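Me: I should like a close look at a single part of this structure. Please describe it in a connected account, and relate it to what surrounds it.

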Amino acid sequence: DVQENVGRWENARLQPYGPLSLDPSTAVLHYGQEIFEGLKAYRHEDGSVWTFRPEANAARLNRSAQRLALPTLPEEVFVDSIRELVAQDQAWVPSGDGESLYMRPFMIGTEPFLGVRPSRQALYSVIASPAGNYFGSVEPVDIWLSRTYARAGTGGTGAAKCGGNYAASLVAQMEGDAHGCSQVVFLDPERDDAIEELGGMNVFFVFDDGRLVTPELTGTILEGITRDSVIQLAEERGLTVEQRAFTLDEWRDGVRSGHLTEVFACGTAAVIAPVRRLVSNDETIGPEDAQPGEVTMSIRQQLLDIQTGRAEDTHGWLTRLV
Ligand code: PMP
């Protein structure tokens, strides 16, 4: 049982970026045993380098590992792996305004074997790449509603961060691109067309009475770390956050009545992105001239200020890497 291998991580090393050599029968290539994480390192004004809630990423990696029958990784191995990678060459971490180093830890089943069973070997690795400035002007995005394709179903892998979920979402992404939408949103057709999440972000709905609604964690959506942070920051401001099923009908009605005033998506890469309209083959929901909302932009700024060291980290969310 691969789970018994917990703690037997061996051969840790830093090596120059380059191709992996895999046997053509390697498990990951046939059965998709792959999981990953994404987090950012920011350089603060004094030159130190910090990352955001890495223990949450470690915990989610381990939940994904359990779902995909891969071995779990001790939290300290996870945090050390990103720290050592960053410390190897600090020049990697850009110091421009709003720039960061995006880090991508991932794990694959590496046993060469054609039978359908969990791999008895795994490779855990981290790669990283400088990421651009998200501080500039924030243009609201249009999102495409996929009616044809689901991302994940009950009992499936929707709550895991595994490559297969993204493989299943790519064709919907292509559809969205063809309709001028930069993101796709998925529905849960088993639950009255409840909104699930975007291809790579969670979603929030802001009402004019100080309520925020975000889809509850049903096991089919990813438990976003940005989502959790937004919930905490919103509640501290006295806003009410409802985690529950939010249907397409409610979205449409909220826009019609004028009570749904802002929609935003959130995730590690873009932090918080205002949403303009929902577009599908049947309808368009939302005003064409939608501007980024006040609540959206204010929570976004607060989160960015914490991550970049401009605001005090009162939640203990930051971990120093270098
Ligand atoms: N949902 C999906 C499908 C994602 O890929 C991501 C990005 N990891 C998120 C939500 C947001 O998660 P986080 O805030 O942890 O980046």
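Reply: The model is a predicted one, and the part examined here begins with strand β9 and what follows. Strand β9 covers residues 202-207 and is joined by two bridges to strand β10, residues 211-214, the two running antiparallel. Within this pairing, phenylalanine 205 has valine 213 of β10 as its bridge partner. Three residues lie between the strands in the hairpin of β9 and β10, and glycine 210 adopts a positive phi there, near 80 degrees.

From β10 the pairing continues to strand β11, residues 240-243, through four bridges, and here the strands run parallel. Threonine 214 is bridged to glutamine 243 of β11. Helix α5, residues 225-236, completes a right-handed β-α-β unit with β10 and β11.

The same helix leads to the ligand. With three residues, α5 gives the most to the shell around the ligand. The residues surrounding the ligand include Leu222, Gly224, Ile225, Thr226 and Arg227. Gly200, Met201 and Asn202 are also among them, and β9 starts at residue 202. Others in the surroundings include Gly38, Glu197, Gly267 and Thr268. By class, the shell divides into seven polar, three nonpolar and two charged residues.

Phenylalanine 205 also belongs to another part of the picture, the nonpolar core. The largest such core has 38 residues, and Val185 and Phe205 touch the most other members. Strand β13, residues 271-279, provides the largest share of this core, with six residues. As a general background, nonpolar side chains tend to be buried together in soluble globular proteins.

Valine 185 can be followed through its contacts. Residues up to four places away in sequence being left out, valine 185 touches Ile143, Leu145, Ile195, Leu198, Val203 and Leu278. Leu198 appears a second time as the bridge partner of valine 185 in β8. That bridge belongs to the antiparallel pairing of strand β7, residues 183-188, with β8, which has three bridges. Strand β8, residues 194-198, is mostly covered, since five of its five residues are buried. The hairpin of β7 and β8 has five residues between the strands, and aspartate 192 takes a positive phi near 50 degrees in it. Strand β8 also reaches the ligand's surroundings, as Glu197 is listed there and β8 covers residues 194-198.

Two further residues show contrasting degrees of burial. Tyrosine 124 lies in strand β5, residues 122-131. Tyrosine 124 is buried because 20 other C-beta atoms lie within 10 Å, and 20 or more is the cut-off for that class. Its contacts, apart from residues up to four places away in sequence, are Trp9, Leu73 and Met107. Methionine 107 is 17 residues from tyrosine 124 in sequence, while their C-alpha atoms are 4.3 Å apart.

Proline 292 is located in the loop between β14 (284-285) and α7 (294-307). Proline 292 counts as partly exposed because it has 19 C-beta neighbours inside 10 Å. Beyond its neighbours within four places in sequence, proline 292 is in contact with Val138, Pro140, Pro274 and Met297. Arginine 276 stands 16 residues away from proline 292 along the chain, with 8.0 Å between the C-alpha atoms.

Terms used: Residues are numbered from 1 along each chain as its sequence is written. This is a predicted model: local features need pLDDT of at least 70, side-chain atom pairs count only at pLDDT 80 or more; totals for chains, interfaces and linings use all residues. Two strands pair if DSSP finds at least two bridges between them. A crossover is right-handed if, with the strands pointing away from the viewer, the path from the first strand over the helix to the second runs clockwise. A residue is near a molecule or strand if its C-beta atom, placed from the backbone, lies within 6 Å of it. Ala, Val, Leu, Ile, Met, Phe, Trp, Tyr, Cys and Pro count as nonpolar, Asp, Glu, Lys and Arg as charged, and the others, Gly among them, as polar. A nonpolar core is a set of buried Ala, Val, Leu, Ile, Met, Phe, Trp, Tyr and Cys residues joined through C-beta atoms within 7 Å. A residue is buried if 20 or more other C-beta atoms lie within 10 Å of its own, exposed if 12 or fewer, and partly exposed in between; C-beta atoms are placed from the backbone. Two residues are in contact if their C-beta atoms, placed from the backbone, lie within 7 Å.
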